[in-house]
Amino acid sequence: MDKKTPHAEKFSLYDAFLEPYESNASIVDLLPIDMLPLIHEHWYSFPPMKGIWHIILGLAIILLGIVSLSGNGVVLYLMASVRSLRTPANLLVMNLALSDFCMLAFMMPTMAPNCFGETWVLGPLMCEVYGMFGSLFGCGSVWSMVMITLDRYNVIVKGMSAKPLTRLKSVGLVIFVWVWSVGWTIAPFYGWSRYVPEGSMTGCTVDYLSRDLISLSYLISYTIAVYVIPLGVMIYCYTFIVVEVAAHEKKLREQAKKMNISSLRANQDSHKASAEFKLAKPSASLGAGETHREFKSRFFQRHIVRNNRGCYMLTGNESLLSYERYENQENETPSQSPFLSSCDIHSLFDY
């Protein structure tokens with residue numbers, strides 16, 4: 001009677017894709033005993049993933065961590081080392097980069113060992129700390145994007161009627177972002193909900209499965225404060241930004257028809273425009289103490305285009321371009337700008 005020689009079962013990646021889960025086991029079985037009080041009964045019915053998927057997940061986290069740390073690290077280095085980049089608006093961008101950098105700087109070295117260990121191996125306290133920092137930096141990133149959106153709305157939609165973003169105001173917004181984020185994410189440490197393992201048991205987050213009043217009230221409040229309000233603000237702002245862009249595009253097309261050229265966009269058809277137009281930058285004297293006009297000039301670049309049909313003023317505000325035509329009016333020629341002696345620019349700063 002022939003006997004079959006026992007041999008080790010060969011690993012097949014194809015089989016891992018067809019059957020990604022282990023059989024006759026629960027995802028909770030591998031957890032240390034001290035973690036069991038944090039586990040919701042919902043997770044006991046799920047089988048654990050096969051080891052290959054934990055390895056892939058761990059490698060993916062490491063790769064994402066390297067990319068995020070490198071990219072956001074470069075942004076932080078440039079804005080910290082280049083003086084011209086340290087503007088009030090860029091301070092908000094820098095805060096966003098800092099939040100994203102810290103997110104992966106903490107999450108990657110914490111989650112990767114759990115992935116390779118195939119369950120949470122760092123204990124209950126570290127689970128709470130992990131969940132808190134993940135929520136903190138996520139909230140910080142979301143509200144940083146809200147502040148950037150409000151600044152873009154202020155500049156593009158309100159234009160010169162808006163108050164400028166000063167360095168002090170920018171710092172105040174950054175402080176608000178972190179105070180607001182810490183306030184919401186530290187609450188579970190004091191009994192308003194809690195941080196628990198979830199999914200493959202290699203990460204921790206807010207308890208979103210419990211249906212008691214404390215857990216539900218925190219979940220609803222946190223969702224509104226950290227996601228619903230920011231989403232509503234960004235949708236509102238970008239809706240008006242898009243409308244403003246569309247209005248300017250319409251004005252560009254109408255003005256191009258009046259000027260008998262194909263486009264008024266900067267650097268477009270420059271080889272044709274150079275034969276018909278001459279560009280120059282007027283150096284209008286603003287006078288002492290005219291800080292409001294100085295503020296306007298920081299956001300707008302103006303050129304005067306002259307041809308045989310009159311004078312045309314180009315004003316640029318970031319991605320928006322607006323062109324207005326000024327007919328020759330000798331009675332209103334400003335004395336401050338000799339180059340424009342034949343053009344009416346009495347409303348040069350009225351945008």
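What is the mean pLDDT of the chain, and what share of its residues reach 70 or more? In this predicted model, the mean is 76, and 68% of the residues reach that mark. Confidence varies along the chain: among the elements, helix α5 (residues 167-185) has the highest mean pLDDT, at 95, while strand β3 (residues 278-280) has the lowest, at 34. Two stretches call for some care on the part of the reader. Over residues 1-11, pLDDT stays under 50, and the model has two contacts for this stretch beyond four places in sequence. Residues 269-351 also stay under 50, although here the model has 139 contacts beyond four places in sequence.

Turning to the overall architecture, the chain contains eight helices and six strands. Read from the N terminus, the order of elements is α-α-α-α-α-β-β-α-α-β-α-β-β-β. Of the 351 residues in the chain, 39% are buried. The exposed area of the chain is about 20,600 Å², with carbon and sulfur atoms supplying 63% of it. Among contacts with a separation of 6 or more, 66% are between residues 24 or more positions apart.

The UniProt record, an unreviewed entry, carries the annotation "transmembrane region" for residues 52-79, 91-109, 129-150, 171-192 and 219-243. Two of these spans may be set against the model. Residues 52-79 are 100% helix and 0% strand, and the C-alpha atoms at the ends of this span lie 41 Å apart. For residues 171-192, the chain is 68% helix and 0% strand, with 30 Å between the end C-alpha atoms.

A hairpin is found further along the chain. Strand β1 (residues 195-198) pairs with strand β2 (residues 203-206) in the antiparallel sense, over four bridges. One of the bridge partnerships links glutamate 198 to glycine 203 in β2. Four residues sit between the two strands of this hairpin, and glycine 199 takes a positive phi near 60°.

Strand β2 also takes part in a covalent link. One disulfide is counted in the model, and this bond joins cysteine 127 to cysteine 204, with an S to S distance of 2.0 Å. Cysteine 127 belongs to helix α4 and cysteine 204 to strand β2, so the bond ties together parts of the chain that are 77 residues apart in sequence. The disulfide is left-handed, because the torsion about its S-S bond is about -115°. Cysteine 127 and cysteine 204 are both buried. Two further cysteines may be described by their accessibility. Cysteine 139 is buried, as its relative accessible area is 0%, whereas cysteine 102 has a value of 23% and is therefore partly exposed.

Which residues does threonine 119 touch, leaving aside those up to four places away in sequence? Threonine 119 lies in the loop between α3 (88-117) and α4 (123-158), and its partners are Leu30, Leu31, Asn114, Met201 and Thr202. With a relative accessible area of 3%, below the 20% cut-off, threonine 119 is therefore classed as buried.

Technical notes:
Residues numbered from 1 in each chain as written. Predicted model: local features only at pLDDT ≥ 70, side-chain atom pairs only at ≥ 80, totals over all residues. Heavy atoms only, no water. UniProt positions renumbered as here; feature names shortened; annotations may be inferred. Pairing = 2+ DSSP bridges. Buried < 20%, exposed > 50% of the residue type's maximum accessible area, 1.4 Å probe, protein only. Contact = heavy atoms within 4.5 Å. Areas by Shrake-Rupley, 256 points an atom, 1.4 Å probe, with all protein chains shown as cover. pLDDT = per-residue confidence, 0-100. Disulfide = S-S within 2.5 Å.
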